[in-house]
Amino acid sequence: MSDRVVVFESALRCPVCGVVKVETMPTDACWYFYDCSGCGVVLKPKPGDCCVFCSYGTVPCPPVQLDGKAADCCAPSCANSTQSGS
Ligand SMILES: [Zn+2]
């Protein structure tokens with residue numbers, strides 16, 4: 001695991017209507033809410049996921065790509081629940 005190639009495009013698939021749309025992810029944050037362009041539903045991450053890209057995208061958000069689920073991303077609950085202490 002030496003090369004860290006981060007993918008910034010993720011295809012979000014709406015679980016309601018099935019529309020897939022490729023979105024470009026921000027580098028240092030992720031999206032907690034996403035408005036589906038197909039049916040207009042507001043998607044939120046599944047439990048345990050920090051953002052909609054991790055739940056519905058083909059690629060998880062950049063912080064998670066680099067550091068896994070313990071990434072210090074935009075969701076406070078994510079950081080709090082993954083602290084193991086060391
Ligand atoms: Zn939809």
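Helices (H or I, at least four residues) and strands (E, at least two) are DSSP runs, numbered from the N terminus. Welcome to these exercises on a predicted model, where local features need pLDDT of at least 70, side-chain atom pairs count only at pLDDT 80 or more, and totals for chains, interfaces and linings use all residues. Residues are numbered from 1 along each chain as its sequence is written.

**Exercise 1. Overall layout**

Find how many helices and strands the protein chain has, and the pattern they follow.

Step 1. The protein chain has three helices and four strands.
Step 2. Read along the sequence, they give β-β-β-β-α-α-α.
Step 3. For burial, count the other C-beta atoms, placed from the backbone, within 10 Å of a residue's own: 20 or more is buried, 12 or fewer is exposed, and in between is partly exposed. Of the 86 residues, 30% count as buried.
Step 4. Two residues are in contact if their C-beta atoms, placed from the backbone, lie within 7 Å. Among contacts with a separation of 6 or more, 36% link residues 24 or more positions apart.

**Exercise 2. The hairpin of β1 and β2**

Describe how β1 and β2 are joined, and which face of β1 is buried.

Step 1. Strands pair if DSSP finds at least two bridges between them. Here β1 (residues 9–13) and β2 (residues 20–24) run antiparallel, joined by five bridges.
Step 2. Look at individual partners: Leu12 stands opposite Lys21, and Arg13 has Val20 as its bridge partner.
Step 3. Side chains along β1 alternate: Ser10 and Leu12 point to one face and are buried, whereas Glu9, Ala11 and Arg13 point to the other and are not.
Step 4. Between the strands lie six residues, and Gly18 in this hairpin takes a positive phi near 85 degrees.

**Exercise 3. Three residues compared**

Decide whether Cys14, Val64 and Val22 are buried or exposed.

Step 1. Cys14 lies in the loop between β1 and β2. Cys14 is buried because 20 other C-beta atoms lie within 10 Å. Leaving out residues up to four places away in sequence, Cys14 touches Val19, Cys36, Gly38, Cys39, Val41 and Leu43. From Cys14 to Gly38, 24 residues along the chain, the C-alpha separation is 8.1 Å.
Step 2. Val64 belongs to helix α2 (residues 62–67). Val64 is buried because 20 other C-beta atoms lie within 10 Å. Val6, 58 residues away along the chain, has its C-alpha atom 9.7 Å from that of Val64.
Step 3. Val22 is in strand β2. Val22 counts as exposed because it has 10 C-beta neighbours inside 10 Å. Not counting residues up to four places away in sequence, Val22 touches Glu9 and Ala11.

**Exercise 4. The largest nonpolar core**

Identify the members of the largest nonpolar core that touch the most other members.

Step 1. A nonpolar core is a set of buried Ala, Val, Leu, Ile, Met, Phe, Trp, Tyr and Cys residues joined through C-beta atoms within 7 Å.
Step 2. Among its 15 residues, the answer is Cys30, Cys51, Val52, Phe53 and Cys61. Helix α1 (residues 52–56) supplies the largest share, four residues.
Step 3. Beyond its neighbours within four places in sequence, Phe53 has contacts that include Ser10, Leu12, Met25 and Trp31.

**Exercise 5. Confidence**

Find where the pLDDT is below 50.

Step 1. pLDDT is the predictor's confidence in each residue, from 0 to 100. The chain averages 82, and 78% of the residues score at least 70.
Step 2. The stretch below 50 is residues 77–86, which has five contacts in the model beyond near neighbours in sequence.
Step 3. Where pLDDT is low, the predicted coordinates should not be read in detail.
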